[in-house]
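Welcome to this guided tour! Please open the structure in your viewer and keep the selection box handy.

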Amino acid sequence: MPMNSLPTAILAHMVAINNVPPPPLRSIPGLRPSRNINYGQLNALCHIRELQSSRHSSLNLTAHDEFMKKYPQIFIHEKTVLPKISQQDEKRKCSTKTEEKKFQPPESHNIAVYARKARGGPSLYDEEVSSLKFVEFLAILKKLPVHRTAQEHNVVWRMLKKIPELASQLSDEHLKILSKNVFSETWIKGSTVIGDDGLYVILKGQARPRVKVIKSLTEDDDSIISSISRESLAFDAELKDSTRAELYLPSHEFLLRKWDTFGSLEVAEAEAETDETLHSIVTEDDCEILKISAKEYEKLKLEKIRHENVQKLKLIRKCPFYENWPTLSVYDLASLSKWKVFPPGHVLVESGTVISFVGFINSGYCNIYRDVVGLMKQRLHKVKKTKKLVYMGKLREKESFGEISILLQTPFTCTIITGREVEMTVIEDKDILGKSLDPVTKELMIQTAKPTFGHLTEEDVKNEYIQKVQEKEWKYFKNKTIKRTLDCNGVLPGFGKWDHYWTSIPRNLKDTLVSY
């Protein structure tokens, strides 16, 4: 590349004076073409002839439009590459598709399928789904309870609710707790399973219960003298002899299948002798057996009793009469009490009778009524005496009643009716008057408790009744007077004349209308 004369002269002068060698000649670095620009399209846009000439305006407009259309083409847009789907996801999609195909109810020409549908029985599709759930249930029971997820615990709980023997003995709450501790055991064919430490449920396979048989040791043919089945286990004491032996053999009459149970949830005492015929089986096949430990169930019951006693203790402690009681005395009352729920409108006790329990209200309220003799008008200016109930107040949450009536055997002076559903803990009169409650606690209860609404006198009840009657009559008179006044003026609320006549109504009547 040719160089300018001035720089050449400067370099020659530097070399002559300072003996400095000239720097090496360098070329201009080449420009790298951009990957995002199409240079062919750019060159075509730059050589549009109509844009270079300025004579014809119409040609310039068409060239401008052509330029704007082709301008986006000079940019190269990179194709967006989506991430690859892993093989596991593909397998999942394939498995879901196969499951969907598998779960689709088959269209069969078998008339039994449609007969089941017509009778309301389970279809073949439902049986297939239930069998898959049962296989999942068995797989979950193979895991240790600590390794199961919350969803797997729910699956076990739902399956336990379908076992008739468990559903009849245990509540849903107990089953939900036990479902987190149960597991399954695998027993091979011919195994003897002793179920003396819990309740066992056969999930897979068949088994026969063992029965007690008495064999004679003196006979050559080893004949069986007597056989005692599982249902009739009593045997004669005379058979107990040194020449006779007691054996436990599989029964030929009874066969245990899927969902059948053996064993017990009751914890056997160490000294008590348990009958093995009720708690042992011999497997006919390879069996999967669900075990519910009796000790775990006993812990569950004790935990429930402890929790209920704590709730009762807190409830009794919050009642006004028992706030300053010693904890031991309150605990004695809590141990004798039990929970009960009463529906709305239930009469707990009537006036003039002795109540049969002491109640501590946990939720809801009760209405208190007193009896009063009133007069009822009849025809021909006759009056008849009737007994009426007058509302005097309420018993609310964290309040008690009935202590004095039971301990002193005094009739109630009022009637108690539940206002809505009431949950309370109650102590029966037989527990209070019997030997279950010590005399010190009884005396303490008499000293601290008071009769329910015992402060009301007959005069208070009559005044309340008179006030209720007057309010009722005044409300009737007020409504009748307002109606007559509005009818006379031709005015009714919601019509146009109301604003016109409002100013003409007396002030006291306006106040009555506003309150109405």
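Are F357 and F401 buried or exposed? Select both and look around them: F357 is buried, and so is F401. Please keep in mind throughout that this is a predicted model.

**The whole chain**

Zoom out and colour by secondary structure. The protein chain comes to 18 helices and 17 strands. Of its 516 residues, 28% are buried. Now think about which residues touch: among contacts between residues at least 6 apart in sequence, 74% join residues at least 24 apart.

**Aromatic pairs**

Next, show the aromatic side chains. A search of the whole structure finds 8 aromatic pairs. Start with Y200 and F262. Their ring centres are 5.1 Å apart and the planes are at 10°, so this pair is stacked; planes under 30 degrees apart count as stacked. The pair links distant parts of the chain, because Y200 is in strand β3 (residues 198-204) and F262 is in strand β7 (residues 261-263), 62 residues apart. Is Y200 buried or exposed? Its relative accessibility is 3%, so Y200 counts as buried. F262 is buried too, with a relative accessible area of 2%.

Now return to F357 and F401, the pair you selected at the start. They form an edge-to-face pair, with 6.1 Å from centre to centre and 70° between the planes. This pair also links distant parts of the chain: F357 sits in strand β12 and F401 in strand β15, 44 residues apart.

For a group of rings, select F134, F137 and W259. Ring pairs link these residues into a cluster. Add K258 to the selection: the charged end of K258 sits over the ring of F134, 3.7 Å from its centre. Then select K176 and W157, where the charged end of K176 sits over the ring of W157, 4.8 Å from the centre of that ring.

**An open sheet**

Select strands β10, β17, β12 and β15. In what order do the 4 strands of this open sheet stand? The order is β10-β17-β12-β15, and the pairing is antiparallel. Look at the edges, where you will find β10 (338-342) and β15 (400-401). Each has a single partner strand, so one side of each is left without a neighbour in the sheet.

Zoom in on β10 and strand β17 (residues 422-428). These strands pair in the antiparallel sense over 5 bridges. One place to look is K338, which stands opposite V426 in β17. Now show helix α11 (residues 294-318) as well. Helix α11 packs on the sheet, touching β10, β12 (357-363) and β17. The direction of α11 makes about 70° with that of β10.

**A helix with two sides**

Move on to helix α15 (residues 439-448) and look down its axis. Which residues of α15 are buried? They are T441, K442 and M445. These buried residues cover an arc of only 105° around the axis, which puts them on the same side of α15. A general rule helps here: an α-helix has 3.6 residues a turn, so residues three or four places apart point the same way. On the other side of α15, select P439, V440 and Q447, which are exposed. What do the buried residues of α15 pack against? Show α12 (327-336), α13 (403-407) and α14 (429-433), because these are the helices that the buried residues of α15 pack against.

**Two loops and a histidine**

Select K398, in the loop between β14 (382-395) and β15. Phi of K398 is near 65°, a positive value in a residue other than glycine. K398 is partly exposed, with a relative accessible area of 25%.

Then go to Q409, in the loop between α13 and β16 (415-418). Q409 is not a glycine, yet its phi is positive, at about 55°. With a relative accessible area of 47%, Q409 is partly exposed.

For the last stop, select H64 in helix α4 (residues 57-70). H64 is partly exposed, with a relative accessible area of 41%. Add I48 and draw a line between the two C-alpha atoms: H64 and I48 are 9.5 Å apart in space and 16 residues apart in sequence.

Terms used. Residues are numbered from 1 along each chain as its sequence is written. This is a predicted model: local features need pLDDT of at least 70, side-chain atom pairs count only at pLDDT 80 or more; totals for chains, interfaces and linings use all residues. Side-chain values use heavy atoms; hydrogens and water are left out. Buried means under 20% relative accessible area, exposed over 50%, partly exposed in between (1.4 Å probe, protein chains only). The arc is that of the directions from the helix axis to the C-beta atoms. Contact means heavy atoms within 4.5 Å. Two strands pair if DSSP finds at least two bridges between them. Axes are lines fitted to C-alpha atoms, for helices over the stretch in contact, and angles run from 0 to 180 degrees between N-to-C directions. Rings of Phe, Tyr and Trp (its six-membered ring) pair if their centres lie within 6.5 Å; planes under 30 degrees apart count as stacked, over 60 as edge-to-face and the rest as tilted. A charge sits over a ring if NZ of Lys or CZ of Arg is within 6 Å of the ring centre and within 35 degrees of the ring normal.
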